[in-house]
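Got your viewer open? Let's take a walk through this protein, one selection at a time.

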Amino acid sequence: MKPYYYSPNHSQRAALAALSLLLFPTFFPSLFGPLGRASPSIFSEWNAPKPRHLHLLEAALSTQSSIEHQIKVWAPLGNQGWKHCPEEPKSASSKPKGSNGYIQVFLDGGLNQQKMGICDAVAVAKILNATLVLPHLEVNPVWQDSSSFEEIFDVDHFLDVLRDEVSIVKELPSEFSWSSREYYATGIRPTRIKTAPVHAPAEWYLENVLPTMQSYGIAAISPFSHRLSFDNMPESIQRLRCKVNFQALAFVPHIRELGEALVNRLRNPPIRNQNTNSQEGTDDLDKQGAGKFVVLHLRFDKDMAAHSACDFGGGKAEKLALAKYRQVIWQGRVLKSHFTDEELRIQGRCPLTPEEIGLLLAALGFNNSTRLYLASHKVYGGEARISTLRRLFPLMEDKKSLTYAEERAKVEGKASLSAAVDYYVSMQSDIFISASPGNMHNALVCHRAYMNLKTIRPSMTVLSKLFLNKSMQWSEFQQAVLDGHKNRQGQIRLRKEKQSIYTYPAPDCMCQA
């Protein structure tokens with residue numbers, strides 16, 4: 001008797017193929033899952049994304065920006081009628097004698113969210129007449145950086161700047177040594193305050209935290225991020241938050257030294273071989289940006305790409321990888337995934353890709369002689385994703401291209417320290433631009449507005465509509481970009497009710513000239 005071999009028909013083979021596709025991520029999760037929340041999956045990189053705006057790209061590469069555009073784009077901001085407020089005389093300081101007890105805060109988030117929390121912690125200590133213990137920085141689940149306050153910020157400088165404002169100690173005295181992060185993680189503790197509402201008023205702390213502190217001598221607030229209101233605060237408290245943000249929070253020396261080395265190398269690059277046949281007009285264009293540089297904060301990590309639910313041109317493989325990632329991380333709770341890509345783009349809810357931010361910069365007047373510093377964590381899609389940006393700006397640099405490994409040793413693999421270096425370089429740049437909103441974007445928009453430095457804020461709604469128009473010519477695209485960003489280059493915007501003092505420094509942190 002001949003052995004029987006099973007031979008599936010066409011419909012059965014199709015069903016088996018579909019089942020295999022569904023089960024493939026289960027048996028090979030590394031191909032679809034994140035290699036790290038800011039890294040691309042292996043599967044998504046099998047198909048390198050192609051330029052999505054090829055006609056604009058080709059035009060940008062072949063069009064020379066005018067000297068007029070160059071002069072305008074590099075021109076610093078003029079006087080806007082706002083200045084730093086004069087420092088109050090030391091004798092007028094309102095630091096009270098004595099203390100109602102110790103206050104601890106535990107701060108989550110990345111570097112810039114933690115900076116906001118530190119400013120609020122000092123303000124709450126002032127409200128409560130409490131002694132602040134140096135804030136504890138939690139390990140961020142995204143970046144996995146365990147760097148402490150002392151490893152990021154210059155503690156002695158912090159204490160010196162605030163010595164006439166608030167009582168601050170580096171650590172608790174021995175009788176309170178039990179009040180630690182581990183202590184609060186192992187049970188319900190009467191000294192822990194975990195009910196602080198988001199944007200709580202000063203009165204809430206006086207009514208709910210002060211009694212605990214007076215009873216036990218200490219109160220620990222966790223969670224604490226975004227737990228202090230921006231409105232209806234005494235002017236003195238607002239000014240104190242500004243003082244912490246702009247004066248007290250200086251980075252440790254080795255971060256400043258590495259940042260300064262990067263700035264010097266960006267401003268004074270090695271002399272390139274000059275083409276003796278180069279035209280005089282090209283030389284004049286290059287001179288406009290000589291010794292200057294732009295910092296681009298390219299926020300295009302896997303978290304953002306997946307959570308946006310937008311299509312970034314990586315094909316079916318990328319769509320499948322991002323859908324799987326959304327399911328793993330957010331269990332399908334991404335409401336934006338119910339909209340089409342076009343609907344999301346019309347609403348301005350899709351982050352700009354490296355290609356799109358490159359086209360924006362080219363339209364504003366930057367050219368292939370512009371020195372561009374890339375401040376970012378790992379870009380989703382790797383080098384393949386940023387290759388178009390590099391074609392437009394071949395002088396693009398980052399920490400790795402400008403420094404030796406031994407120079408980066410203290411910050412390598414530490415996301416918060418690396419972000420601190422990028423923050424320092426961003427504050428020294430002639431122009432800063434961020435590809436999409438976020439804590440780093442907001443912090444630098446705020447700090448640079450305070451210092452009256454040029455900062456370009458991309459209009460997501462304007463750009464989304466332009467990029468959806470596949471028939472638009474370069475000259476029309478460029479004019480629309482220039483018109484849409486005329487008032488988005490560092491002009492002072494007054495803070496409105498409920499808006500953050502850490503994004504809008506006027507009028508709370510500044511005085512009219």
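**Stop one: a pair of helices**

Start by selecting residues 54-62, helix α3, and residues 382-392, helix α18: the two pack with their axes 9 Å apart, at an angle of about 30°. Keep in mind that you're looking at a predicted model. Angles under 35 degrees count as roughly parallel, so α3 is roughly parallel to α18. Want to see who does the touching? Show the side chains of Leu57, Ala60 and Leu61 on α3, then Thr388, Arg391 and Leu392 on α18; these residues make the contact.

**Stop two: the whole chain**

Now zoom out and colour by secondary structure. How many helices and strands does the chain have? There are 24 helices and 13 strands. The chain runs to 513 residues, and 51% of them count as buried. Switch on the surface for a moment: the chain exposes about 25200 Å², with carbon and sulfur atoms supplying 53% of that. Next, think about contacts between residues at least 6 apart in sequence: 79% of them join residues at least 24 apart.

**Stop three: the nonpolar cores**

Hide the surface and select Phe158, Tyr205 and Val244. In the largest nonpolar core, which has 82 residues, these three touch the most other members. Which helix gives the most to this core? Select residues 111-128 and you have it: helix α5, with 11 residues.

Stay with Phe158 a little longer. Leaving out residues up to four places away in sequence, Phe158 touches Ile118, Val122, Leu134, Phe149, Ile168, Val244, Ala248 and Leu249. Apart from this core lies another, made of 52 residues; to find it, pick Leu374, Ile386, Ile431 and Met472, which are among its members.

**Stop four: Ser147**

Head to the loop between β4 (136-137) and α6 (149-152), where you'll find Ser147. Is Ser147 buried or exposed? Its relative accessibility is 5%, so Ser147 counts as buried. Turn on the side chains and look for Asp145: the side chains of Ser147 and Asp145 make a polar contact at 2.6 Å. Setting aside neighbours within four places in sequence, Ser147 is also in contact with Leu137, Ile152, Lys414 and Leu417.

**Last stop: Pro96**

Finally, select Pro96, in the loop between β1 (82-84) and β2 (102-107). With a relative accessible area of 36%, Pro96 is partly exposed. Add Asp164 to your selection and draw a distance between the two C-alpha atoms: they are separated by 9.2 Å, although the residues sit 68 apart along the chain.

How values were computed: Residues are numbered from 1 along each chain as its sequence is written. This is a predicted model: local features need pLDDT of at least 70, side-chain atom pairs count only at pLDDT 80 or more; totals for chains, interfaces and linings use all residues. Side-chain values use heavy atoms; hydrogens and water are left out. Helices (H or I, at least four residues) and strands (E, at least two) are DSSP runs, numbered from the N terminus. Buried means under 20% relative accessible area, exposed over 50%, partly exposed in between (1.4 Å probe, protein chains only). A polar contact is a pair of N or O atoms within 3.5 Å; within protein, one must be able to donate a hydrogen and the other to accept it, and residues adjacent in sequence count only if both atoms are side-chain atoms. Contact means heavy atoms within 4.5 Å. A nonpolar core is a set of buried Ala, Val, Leu, Ile, Met, Phe, Trp, Tyr and Cys residues joined through side-chain atoms within 4.5 Å. Accessible areas come from the Shrake-Rupley method with a 1.4 Å probe; for residues, only the protein chains shown count as cover. Axes are lines fitted to C-alpha atoms, for helices over the stretch in contact, and angles run from 0 to 180 degrees between N-to-C directions. Angles under 35 degrees count as roughly parallel, over 145 as roughly antiparallel, 65 to 115 as roughly perpendicular and the rest as oblique.
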